[in-house]
Number of protein chains: 2
Amino acid sequence: MASEFDLIARYFDRPAPNAVLGVGDDAALIRPAPGMELAVSADMLVAGRHFFPDADPERLGHKSLAVNLSDLAAMAATPRWALLSLALPEADEAWLAGFSRGFFALADRYGVDLVGGDTTRGPLNISVTILGEVPAGGALRRDGAKAGDDIWVSGEIGAAALGLRHLFGELELTGSEAAACLARLHAPEPRVTLGLALAGVAHAAIDISDGLLADLGHILERSQLGAEIELARLPAAAAVAARLPDPRAMACLLAGGDDYELCFTAAQGQQEAVLAAGQSAGVPLSRIGRISAAPGLRVRRPDGEQLDMKVTGFDHFAN
Amino acid sequence: MASEFDLIARYFDRPAPNAVLGVGDDAALIRPAPGMELAVSADMLVAGRHFFPDADPERLGHKSLAVNLSDLAAMAATPRWALLSLALPEADEAWLAGFSRGFFALADRYGVDLVGGDTTRGPLNISVTILGEVPAGGALRRDGAKAGDDIWVSGEIGAAALGLRHLFGELELTGSEAAACLARLHAPEPRVTLGLALAGVAHAAIDISDGLLADLGHILERSQLGAEIELARLPAAAAVAARLPDPRAMACLLAGGDDYELCFTAAQGQQEAVLAAGQSAGVPLSRIGRISAAPGLRVRRPDGEQLDMKVTGFDHFAN
């Protein structure tokens, strides 16, 4: 029985040149290239929690795929196929047109086929599964860091979180600052090309979705190591840097999520190769500290003293 | 920052022996066997639409995986990996314990690893992606039916829809009828073993989730063929058969979804092979009609006359 939701599903029924069989059967069929492993990840975005219910649908379409592409970037995997399950309060054609435009614009940029999913009525929920290919054994995992590794961060951090605080009225940004920070919040750019360029160069990687301290903490936990990073070396976004040492700006820098930059580690001898990877991907890279055999995550202030995590409220990051 | 939802996610963090890398990194890593294609499908279940908000969590855990396994069964694919994204209004440990018990009991039965997903706060939403393996070119697709094929249905149909009407108070079932019908509705049994046994035997297959006429209609549409089925040959569940020709029972039989039986076609010369596949899987099979070159879906009544789809309200199935 063709319902309005079947019709919506057809909105997303597009050719899938990378697939053996795309949308329209009980399952899609895909054929990974010989010698490749598949990297698979899923993210769920919920209205009111991950975005405002009245968020621009085109940017939402972009973001819902971007956060998944970012996960594959952090594995050095080439994104290939996606599945999209959507719960919608109503079949709003204008919303769907915008959402699919944003989704497919990003998908097309990276050659990702939408091969399946589901559409149903319900409170707005966007659930995406992404599949990518990576040469067997070549993925950048969280558990690959080694003592003595340099720690690197791509691009700039803190902008998305600062933009969110601006929206909540916790601080005020200038017009141009707000534009820059909200662009990062609503339309993050997944570092797919950089992730691929880091294969064979980096030891471990993660995308910064929960904040630098938390995400670097995941690498340390999985690699059973510690780290020291230098506050002055962190690539703070301009609007964040302009407000330091305001504790709110500090929080955005150290614990602000949603920037979707990459944090990765590489041997000290690989600095030139790392910088070359950044250059080939067109993304600036900052060397922010070093992995240590001693456990714990320490942040050194510009005066050489260690940042007191308890005083700054970041003590739950110091394991 | 470890939230209650991180803790919940760990509830689902179990070993994944089929995966190169399971839960806990930016993405899981899986390695399909050489020569295999991957069958990939996703389903989203929403409270209030696909189940009652107070549904038993253990049966819900079972069902949310079962409907996905059923999609792979209809492709003759071996289920291997699943991703589960959950939006929950609150971190209710009892609910999670029940849900994960039901989910993993079924997953373990078929050797399926949970390799990823997401957990977040939001209106109850269960989004599952399933991945399975099928020998290249060996999948049972909807577009594979041939004129002259027999049409088969596994098990019994109509029970789940009858159980739902009972819950809505539209008709009354006896205690034992209700138990049988509600078991089908709440805890469907995916025909995974049967689907695998039909590989190389059947031409086309689909799982009956929208109702026999609709789902057979999908095969006809994709195969660009028609069909005639015989009402008397349909394997009506006992409680449905006892109420025929009540139009409500008829609707359950012809258009009732949620039974998750398989409907498939096979060459007439393959009847013995089909029955052997059913026997090996322990599932009774019924031959219900025949694929025709002439388009349209016709239902023949026991008196030899054609069921008038307009009178019965099924005219939207007669394409």
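Here are some short exercises on this predicted model, each with a worked solution.

Residues are numbered from 1 along each chain as its sequence is written, while chains are lettered from A in the order in which they are written. Local features need pLDDT of at least 70, side-chain atom pairs count only at pLDDT 80 or more, totals for chains, interfaces and linings use all residues, and side-chain values use heavy atoms, with hydrogens and water left out.

**Exercise 1. The overall form of chain A**

Task: Work out how the radius of gyration of chain A agrees with that of a compact globule.

Solution:
- Step 1. The radius of gyration is taken over C-alpha atoms, and the globule rule is 2.2 Å times the number of residues to the power 0.38.
- Step 2. For 319 residues the rule gives a value near 20 Å, and chain A has 20 Å, so the two agree.
- Step 3. Look along the principal axes next: the C-alpha trace of chain A spans about 70 × 50 × 30 Å.
- Step 4. The chain contains 11 helices and 11 strands. Helices (H or I, at least four residues) and strands (E, at least two) are DSSP runs, numbered from the N terminus.
- Step 5. Of the 319 residues of chain A, 58% are buried. Buried means under 20% relative accessible area, exposed means over 50%, and partly exposed lies in between (1.4 Å probe, protein chains only).
- Step 6. Among contacts in chain A with a separation of 6 or more, 84% join residues 24 or more positions apart. A contact means heavy atoms within 4.5 Å.

**Exercise 2. A covered helix**

Task: Find which residues of helix α9 of chain A are buried, and what they pack against.

Solution:
- Step 1. Locate α9(A) at residues 247–255, where 7 of the 9 residues are buried.
- Step 2. Name them: A249(A), M250(A), A251(A), C252(A), L253(A), L254(A) and A255(A).
- Step 3. Look for the partners of these buried residues, which are α4 (159–167), α7 (212–223) and α8 (238–241) of chain A.
- Step 4. Now view the packing from α4(A), whose buried residues are A159(A), A160(A), A161(A), L162(A) and G163(A). Their cover includes α5 (175–186), α8 and α9 of chain A.
- Step 5. Go past the end of α4(A) to G169(A), which has a positive phi, near 75°.

**Exercise 3. Aromatic pairs**

Task: Decide how the rings of F103(B) and F104(B) are arranged, then do the same for W152(B) and F264(B).

Solution:
- Step 1. Learn the rule: rings of Phe, Tyr and Trp (its six-membered ring) pair if their centres lie within 6.5 Å; planes under 30 degrees apart count as stacked, over 60 as edge-to-face and the rest as tilted.
- Step 2. The structure holds 16 such pairs over all chains. In one of them, F103(B) and F104(B), the centres are 5.6 Å apart and the planes stand at 85°, so this pair is edge-to-face. Both F103(B) and F104(B) are buried.
- Step 3. The ring centres of W152(B) and F264(B) are 6.3 Å apart with planes at 5°, so this pair is stacked. It links distant parts of the chain, as W152(B) sits in strand β6 (residues 150–154) and F264(B) in strand β9 (residues 262–266), 112 residues apart.
- Step 4. Check the cover: W152(B) is buried at 3% relative accessibility, and F264(B) is buried at 0%.
- Step 5. In chain A, ring pairs join Y11(A), F12(A), W95(A), F99(A), F103(A) and F104(A) into a cluster.

**Exercise 4. Salt bridges**

Task: Trace the salt bridge between E37(B) and R31(A), and say whether each residue is buried or partly exposed.

Solution:
- Step 1. Side chains of opposite charge can pair when their charged atoms come close. Here a salt bridge is a side-chain nitrogen of Lys or Arg within 4 Å of a carboxyl oxygen of Asp or Glu, and the count is 38 over all chains.
- Step 2. E37(B) and R31(A) meet at 2.2 Å, N to O. The pair crosses between chains, from strand β2 (residues 36–46) of chain B to the loop between β1 (28–30) and β2 of chain A.
- Step 3. E37(B) is buried at 2% relative accessibility, whereas R31(A) is partly exposed at 45%.
- Step 4. Finish with a network of salt bridges that links E228(A), E230(A), R233(A), R298(A) and R300(A).
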